[in-house]
Amino acid sequence: MTTKRIFITLALALVALCNFPTAAQVTTATQEAATQATATREEARVPSVRLKALDGKTYDTSEMRGEVVVVSFGATWCVPCVWELKAIEELKEEYAGKPVRFLWVSIEEKERTTDRVLRHYAKSNRLTIPVLRDEDKSAFLQFTETTRIPLVVFFDREGRFDAPAHRGMSSDITAYKRLVRARIDPLLIEKTATPAQEGQSSRR
């Protein structure tokens with residue numbers, strides 16, 4: 001082998017060695033990938049509601065920052081749901097002017113309950129809150145393993161689900177409203193920490 005060929009071979013070997021990642025680089029890349037995968041899984045597990053309503057709009061609880069959000073799941077055939085909707089409408093009036101939003105979600109399939117039927121139901125029950133559809137129950141089943149309705153869930157002012165969800169409804173509307181107030185009011189008075197406050201907390 002000539003001196004020129006030896007030089008070229010050594011140069012190529014040196015380039016390959018420089019481009020080959022070190023063990024530390026491989027470890028760092030692996031850790032970063034694992035961290036990203038964990039974050040993605042955690043984000044996927046965070047319960048939220050993102051559904052389209054009869055008004056054509058899409059409502060996403062994760063984007064309703066600054067508001068306490070109350071989401072009630074029900075169906076047109078559910079008698080207790082009618083009582084609950086009456087309570088929800090009265091609570092909406094009670095919390096008017098405050099950062100509280102109410103949504104109602106039908107878990108019925110369109111084949112059984114069309115948009116036209118759902119609009120008639122909303123009108124006959126004098127609903128003024130948005131009416132959303134969850135045909136495959138994908139949003140509903142995040143919060144329960146049973147089909148019992150009505151089911152009401154609460155989100156704080158940071159868009160986070162405030163467990164547990166509440167199942168069922170009695171005919172005592174006054175008692176039900178008292179229960180819902182007891183969930184809303186603490187979330188309503190919670191204050192979001194400022195960056196400076198968060199920094200102070202982390203240094204303690």
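The following exercises, each with a worked solution, concern a predicted model.

**Exercise 1. Helix packing**

Determine how helix H3 is oriented relative to helix H5, and which residues meet where they pack.

*Solution.*
Step 1. Locate the two elements: H3 covers residues 79-94 and H5 covers residues 173-189.
Step 2. Two packed helices are described by the angle between their axes and the distance between the axes. For H3 and H5, the angle is about 55° and the axes are 10 Å apart.
Step 3. Classify the angle. H3 is therefore oblique to H5, because an angle that is neither under 35 degrees, nor over 145, nor 65 to 115 counts as oblique.
Step 4. Assign the handedness: the crossing of H3 past H5 is right-handed.
Step 5. List the contacts. H3 contributes Trp-83, Glu-84, Lys-86, Ala-87, Glu-90, Leu-91 and Glu-94, while H5 contributes Ile-173, Tyr-176, Lys-177, Val-180 and Arg-181. Sorted by class, the contact of H3 with H5 comprises six nonpolar and six charged residues, with no polar ones.

**Exercise 2. A charged residue in H5**

Decide whether Arg-183 is buried or exposed, and name its contacts.

*Solution.*
Step 1. Place the residue: Arg-183 belongs to helix H5.
Step 2. Apply the cut-off. The relative accessibility of Arg-183 is 17%, so this residue counts as buried, the limit being under 20%.
Step 3. Find its neighbours. With residues up to four places away in sequence left aside, Arg-183 touches Phe-154, Asp-162, Ala-163 and Pro-164.
Step 4. Relate these neighbours to the strands. Phe-154 falls within S6 (residues 151-155), and Asp-162, Ala-163 and Pro-164 fall within S7 (161-167).

**Exercise 3. The five-stranded sheet**

Establish the strand order of the open sheet, its edges and the sense of pairing at each edge.

*Solution.*
Step 1. Write the order: S5-S4-S3-S6-S7, with mixed pairing.
Step 2. Identify the edges. S5 (131-133) and S7 each have a single partner strand, so each has one side without a neighbour in the sheet. On average, neighbouring strands are turned by 25° against each other, direction ignored.
Step 3. Examine the S5 edge. S4 (residues 100-106) pairs with S5 in the parallel sense over three bridges, and Trp-104 has Val-131 of S5 as its bridge partner. Helix H4 (residues 115-124) lies across S4 and S5, at about 150° to S5.
Step 4. Examine the S7 edge. S6 and S7 pair in the antiparallel sense over four bridges, with Val-152 opposite His-166 of S7. Five residues separate the strands of this hairpin, in which Gly-159 takes a positive phi near 85°.

Key:
Residues are numbered from 1 along each chain as its sequence is written. This is a predicted model: local features need pLDDT of at least 70, side-chain atom pairs count only at pLDDT 80 or more; totals for chains, interfaces and linings use all residues. Side-chain values use heavy atoms; hydrogens and water are left out. Axes are lines fitted to C-alpha atoms, for helices over the stretch in contact, and angles run from 0 to 180 degrees between N-to-C directions. A crossing is left-handed if the near helix is turned anticlockwise from the far one by less than a right angle, and right-handed if clockwise. Contact means heavy atoms within 4.5 Å. Ala, Val, Leu, Ile, Met, Phe, Trp, Tyr, Cys and Pro count as nonpolar, Asp, Glu, Lys and Arg as charged, and the others, Gly among them, as polar. Buried means under 20% relative accessible area, exposed over 50%, partly exposed in between (1.4 Å probe, protein chains only). Two strands pair if DSSP finds at least two bridges between them.
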